[in-house]
Each structure stands twice: as C-alpha cells, then as structure tokens.
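Subject: Structure handover

Hi,

Here is the structure I promised to pass on. Please open it alongside this note. My findings follow below.

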Amino acid sequence: MATFSEDFFHDLFDFEQIERTVTSTVRLAIKDPVALYLFFQRYSHFNGYASAMISRLASTIGLSRYTFSNPELIVKEEADRGMDIAAQVMSAAADEGANGTPVHRALAQLTVKTVGDYAELTDQERNTFAKIPSWLQEIVRDVISNYEGKINDEAALIKAMGFHMASEMLGDREYALLDMVVRYENKGIGFDRYLKQEAKPVLINDHRYTPWSWVLIHSRHDGSGVEVEHSEFAISALNMAVRYGSASEKQMKIWAQAGFRAFVELQQRLLREIRRECLELAQEKAISSIPPSRSTKARKTKKIDSLSF
C-alpha cells in the first residue's frame, strides 16, 4: 500500500475550514468590481511564483545525485533515481508553453486585465495596485524558500515535495470555488454577465482563449482541470521518495506533513490579507460617499477609537 495519498493529507487537515476562507474572500471581493480586481491581482501574483517554483524544485531534486537510490541495485551509478522523481514534479509545469500552448501567467494576465476593464480602472490605477504590499512580499519569500528544497538534503527535499503537494491539492479546490462563486452563485449578474456579454476571446500563440480560461484550465465547479493530474504526479513523487530515500517511512511522513502545513498556512494568510484589504477598500468608499462634514466627523471618531485600548 502506498504511503502517501490524498486521503492521507485530508485526514490531517481541516479542508472545510480551508475552503471557507477561500469562499468568504471571493464572496466579499465580488461585491465590488475594484475589490474583485484587487483579489485577482494579489491572487495571480502569488500563484505566478508558485508555478515558477515547480521547475526549481524539480531541478533541485535532479541535482541531488544519489540522495534517492534503488536499494535493489548494488552499483551506485545505476541505482540513482533522483531524475525519476524530478520528472514527476516537473510534469506539473510541462504543460505550460508546450506545443504552442500559453504559459499560465499569460492566461492570468488576461484575466486580470479583463477584471480591470470590468472595474473601469485606468492604467495608473492598475499600476497602483501593482505596488506589492510588504505582507505579500513576505509570503512570496516564504513560498520560494519552502518550495525550492536543498540539494542533497533529504529532509528539505521531502518538505518541499509536501509543500508542492499542498499547492496542487489546494489549487484544485481554490479554482473550483472561484468558478462556483463567480459563474454559479452570481450567474447572469456582475462579472459573469460581463464575461458573457462584453469580454472577448483573445489570440495567444495563434489560439483563442477566453478571459476565464486561466481558472477553467486549473479547475471548475462542475468538473476538474490540470490540478487533479498534477496532484497525482506529486503523490507519485512522494511515494517514489519513500521507496528510494534513506529515511524511514515515519520520518518521511513527518517531513511531508510539515511541508504541506507550511503551504496551508501561507495560503490562508494570503486570503485573510486579501479579505482585509477588500474590507478596507469598502470602508474607504463608504467614508468618501459621506458628505464632507459627516466624513470629517467619521474620520475623527475613527482616530479616537484607534487610540482606545
């Protein structure tokens, strides 16, 4: 029986709570076009780094010569299996830009641009959102450090593979829930109406893609996308590591679980911070809509309240 499976991780983490954070954030953002742009700008920025790190992790595993070896073979050079594991990880990035298909970053940029058009934001306003806040910079730094692993460091490599596993598993649900809120819960209104009636397909690498392709290629409310297959490859990589690594199965589980948890914590922090920014945006709009005299009073009250501890 395989050591790792999706059920192994489902039994260890509260996926219902994880998904509630996703849906509550998207449901808040979709109420206002500008907040929706903020959500997609932050979310696509984060995911762009996670996608880029797959290749780095695969490279790190491949460079870890003899760290993973077939115990049934006596000759060291013949036993090395690092590249076999690396290939399983790399498969998650192999469909980006292959055979003329666009990289996912290009599809994400199309989505973000379309939401910006929907919100009627100027180029200057969009560039203002592109000034990445310190909290998001910190998250990105943590993604890079957790995802890349360390050459010939078995513990760091297994943790990184657990981190990668979480990225794929949670990604499947994130995109499906995003699709559910936008196209099903708000069917025919708001951004869904804009997608159907005003947004047009765009030519990328001689193929036409709709502005929602970025979401649907990963997952969808009534089906699945590439994330499911990517999760299967990630599980395969971990199970191969158990077979060819030197640590015990128990230790492998501890390391993989630590990596998985690290990604969950970063993903949850990302969504909570986006939610906070959306709430602050709504508050700013509410204050700006108040007549000058009342607006001044509201600001003074808010300042006094902030000093009451």
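**Salt bridges**

Arg173 and Glu19 join their side chains in a salt bridge, with N and O 2.9 Å apart. This pair connects distant parts of the chain: Arg173 sits in helix H9 (residues 154–185) and Glu19 in helix H2 (residues 15–29), 154 residues apart. Keep in mind that this is a predicted model.

How open are the two partners? Arg173 has a relative accessible area of 31%, so it is partly exposed. Glu19 is also classed as partly exposed, because its relative accessibility is 21% and buried means under 20%.

Next is the bridge between Arg42 and Glu277. Their closest N and O atoms are 2.9 Å apart. Arg42 belongs to helix H3 and Glu277 to helix H13 (residues 249–288), so this bridge ties together parts 235 residues apart in sequence. Is Arg42 buried or exposed? Its relative accessible area is 5%, so Arg42 is buried. Glu277 counts as buried too, at 11% relative accessibility.

The surroundings of Arg42 are worth a look. Helix H3, where Arg42 is found, covers residues 33–63. Neighbours within four places in sequence aside, Arg42 is in contact with Phe129, Pro133, Trp135, Leu136, Leu270, Ile274 and Glu277. Glu277, the salt-bridge partner, is thus one of the residues on that contact list.

A third bridge joins Arg65 and Asp80. Here the closest N and O atoms are 3.5 Å apart. Both residues are in loops: Arg65 lies between H3 and helix H4 (76–79), and Asp80 lies between H4 and helix H5 (82–94). The separation is 15 residues. Arg65 is partly exposed, at 44% relative accessibility. Asp80 is buried, with a relative accessible area of 15%.

There is also a network. Lys113, Asp117 and Arg126 are joined into one by salt bridges that share partners. Across the whole structure, the search finds 16 salt bridges.

**Surface charge**

Which residues form the negative surface patch? They are Glu6, Asp7, Asp11, Glu229 and Glu232. Two helices, H1 (6–10) and H12 (226–244), each supply at least two residues of this patch. Glu6 is in helix H1. Its relative accessibility is 32%, so Glu6 counts as partly exposed. That value passes the patch cut-off, because patch residues need over 30% relative accessible area.

On the charge totals, the protein chain has 38 positive and 42 negative charges. The mean positions of the two sets are 9 Å apart.

**The chain overall**

The protein chain holds 14 helices and 4 strands. Along the principal axes, its C-alpha atoms fill a box of roughly 85 × 55 × 30 Å. Of the 309 residues, 50% are buried.

How are the contacts spread along the sequence? Take the contacts with a separation of 6 or more: residues 24 or more positions apart account for 79% of them. The bridges of Arg173 with Glu19, 154 residues apart, and of Arg42 with Glu277, 235 residues apart, are pairs with long separations of this kind.

The protein chain exposes about 15,600 Å². Carbon and sulfur atoms supply 51% of that area.

Best wishes

Definitions and conventions
Residues are numbered from 1 along each chain as its sequence is written. This is a predicted model: local features need pLDDT of at least 70, side-chain atom pairs count only at pLDDT 80 or more; totals for chains, interfaces and linings use all residues. Side-chain values use heavy atoms; hydrogens and water are left out. Patches are made of residues with over 30% relative accessible area and no salt bridge: like charges are joined within 9 Å, nonpolar side chains (Val, Leu, Ile, Met, Phe, Trp, Tyr) within 5 Å. Accessible areas come from the Shrake-Rupley method with a 1.4 Å probe; for residues, only the protein chains shown count as cover. A salt bridge is a side-chain nitrogen of Lys or Arg within 4 Å of a carboxyl oxygen of Asp or Glu. Lys and Arg count as positive and Asp and Glu as negative; His and the chain ends are not counted. The place of a charge is taken as NZ of Lys, CZ of Arg, CG of Asp or CD of Glu. Buried means under 20% relative accessible area, exposed over 50%, partly exposed in between (1.4 Å probe, protein chains only). Contact means heavy atoms within 4.5 Å.
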